[in-house]
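Open your viewer and keep the selection box handy. We will go from stop to stop, and at each one you will hear what to select and what is there.

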Amino acid sequence: MNFNLISPSTNGNDYTINFKDPITIDRNSKISLNFLELTRNADIVLSTAQTIEFVLLNNLPTHLPGTPATVNTETFKIKIAKGVYEPSVLQSEIESKINSHTISGGQAFGNSKFVRYKAASSEGEAAGGGGEDPTGGIVGLVLDVTDVENFAIDGANSKDATQTTSGGAPVAYTTTNNNGVFDNYANSLTHFDFYRGNCPEYQGEMNSFVHLESIDNIYDQTGKLFFGLVGKEYTTGIGAAPTRTNGGTIVLKSGVPSCFVGVECQESTGHIVIYMAQNATGETIDTWTNQNQEIADMEVVARLPVSTTVEPSQPYNLLFGMEISNKTKSPTLRWKIASYQDGIYKPLYDSEPVRRNLPFELLVASAGITYDNATALNSQIPFGIQLSATNADEGWERCSYSGFDKTATNMDDNHPLSIARDYNVTFSDELAQVLGIKNDGIVTGINPNFCQDEGEVVEESLDLNWKSQNYSIFINLPTNNYKNVAEKRDGGFKKSILANIPSPFTTGALIAKEGTDAGKVICIYQPYVPITSEMKNNELQVNTLSIKIVDMLTEQPATEILSSVVNFTIHD
């Protein structure tokens, strides 16, 4: 006898067919599946509400400056409602829930102390850009750094500094001092947002570059210019504060303002000279175990002739960049200097190939600083910019950079603007299966600090994973077959299984439906060898046959199956 059981239109995975006449099944009959037709949405089906939990533990500052004993952490969980989702809709839902979710301080995530970050989108922020990813499946956080700071003078830490020339022209920095030496300076009011990874040069300030242009053409420059990297909390005093440039005092070493890293830009017949701080025992800053040290000297690490390095008929146009390097066991701070005349990036100095990266201990010391007060903890995000010039009306037309404003709205020592060094994500079971996440749905150590088009995130193809789902077909006849369930450790049990179907939407013939049924897909599965079971039954008479289609691994109802046709034969 051949049977062709067609599901009702309202349920394709669990139904009973009634027969007008009783069916007699002979003793010791056999039953075999001939073919199977399944129809489902070509979308993602979440049978229950799902969650995604983000845990940010490894942050800067490490503790809250307002309460130094409290570790600076953040944990938040978003909920995704059950339902059928197109991949792009699920992607948008995840993004929206992350960005709008309320976390500590009552702030939406995008307005919180982690305002640097936003939800990764499907618009190429994960894998090198290149436009929208049609498969979706991107979950994570990426940098959202869009604000460019123009140099603002820290009035408490400057000397003979002005932002207007004697002719009244506005500039980033100049001086009224005209004695031919660096006897003036200004530090930036806002911190430099330096914490990036693998940043290309073409996005300028957005990728942790400071962009500087001189007021005059180099040929017309009569004095020397200077810019440097300083620590703002170092300037205002951490620990037993060493002698340093602060207030109305400038400290010169080797004839230039003392700072962590400095660049002196001389006249057209001179040099571009690159310096690094050196402590009292002769150790350069790339070996320091903390930042709270006396700068005893500024060591020259490179000297480049101006006439052959840049075009002297133009102003200085320079980029100073920083990024996090993870090429060693402990991260380091890579720094780079380049000419940017005519918009062309020309490298002048790179700390990494010459092994002069700054140590991570400048952020979190291994010795010499006790982080038990607000100033010390704020020093873990330390850097600012220092400018100087030897001659009046010379200096910097431009000094722009991505700023890190610790005093921004909602930010204070009890709720500090923070850098997430990494984070963990935990997906609930069904969503983890949809995304193909291993390790119980837990992904750890994700770095959100790559530049916008290089974000490190969780990325899977949402619209393909369901194709690999396996099914079991149950029938209310004694088929004498066995199976177990993935979540249980005990052996299999005898069950009324008509067939176990491996990945029918991968191994069977697929037909995409069109018209009003667009978005649905039909699978026609026919085993290469008939799947035959011996029923070992006494003679039976039945008026109904019931079909249940379940997930093979869990035996949960396959509610995503909209309709089905099950064709089988009962043999004498």
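**Stop one: a helix with a buried face**

Select P87, L90, Q91, I94, E95 and I98: these residues of α1 are buried. Now turn the view until you look down the axis of α1, where the buried residues fall within an arc of 135 degrees and so line one face of the helix. The spacing of such positions has a simple background: an α-helix has 3.6 residues a turn, so residues three or four places apart point the same way.

While you are here, select the whole of α1, residues 87–100. With 14 residues at 1.5 Å a residue, the helix should span 20 Å, and the end C-alpha atoms are indeed 20 Å apart, which agrees.

**Stepping back to the whole chain**

Zoom out for a moment. Please keep in mind that this is a predicted model. Colour by secondary structure and you have six helices and 43 strands to look at. Of the 572 residues in the protein, 53% are buried.

How much of the surface do carbon and sulfur atoms supply? Switch on the surface display: the protein exposes about 24000 Å², and carbon and sulfur supply 47% of that area.

Contacts across the sequence are worth a thought too. Taking contacts between residues at least 6 apart in sequence, 73% join residues at least 24 apart.

**Stop two: aromatic rings**

Next, show the side chains of the aromatic residues. The structure holds 17 aromatic pairs. Select F227 and W396 to see one of them, an edge-to-face pair with 5.8 Å centre to centre and 80 degrees between the planes. F227 sits in strand β20 (residues 225–231) and W396 in strand β31 (residues 396–404), so this pair ties together parts that are 169 residues apart in sequence.

Are these two rings' residues buried or exposed? F227 is buried, with a relative accessible area of 3%, and W396 is buried as well, at 0%.

Then select F194, Y195, Y234, F260 and F383, which ring pairs link into a cluster.

**Stop three: cysteines**

How many disulfides does the structure hold? The count is zero. Two cysteines to click on are C265, buried at 0% relative accessibility, and C399, buried at 2%.

**Stop four: backbone details**

The last stop is about the backbone, so hide the side chains if they get in the way. Most residues other than glycine have a negative phi, and most peptide bonds are trans. Here are some places to check against that background.

- Select L60 and P61: a cis peptide bond joins them, with omega about -5 degrees. P61 lies in the loop between β5 (50–60) and β6 (63–64).
- Select D342: its phi is positive, about 60 degrees, although D342 is not a glycine. You will find D342 in the loop between β27 (332–339) and β28 (346–350), where it is exposed, with a relative accessible area of 62%.
- Select N439: this residue other than glycine has a positive phi near 55 degrees. N439 is placed in the loop between α5 (429–435) and β33 (442–446), and at 54% relative accessibility it counts as exposed.

To finish, put two selections side by side: F227 and W396, the edge-to-face pair, and D342, the exposed loop residue.

Methods:
Residues numbered from 1 in each chain as written. Predicted model: local features only at pLDDT ≥ 70, side-chain atom pairs only at ≥ 80, totals over all residues. Heavy atoms only, no water. Phe/Tyr/Trp six-rings, centres within 6.5 Å; stacked < 30°, edge-to-face > 60°. Helix = DSSP H or I, 4+ residues; strand = E, 2+ residues; numbered from the N terminus. Buried < 20%, exposed > 50% of the residue type's maximum accessible area, 1.4 Å probe, protein only. Expected span 1.5 Å × (residues − 1). Arc of directions from axis to C-beta. Contact = heavy atoms within 4.5 Å. Areas by Shrake-Rupley, 256 points an atom, 1.4 Å probe, with all protein chains shown as cover. Disulfide = S-S within 2.5 Å.
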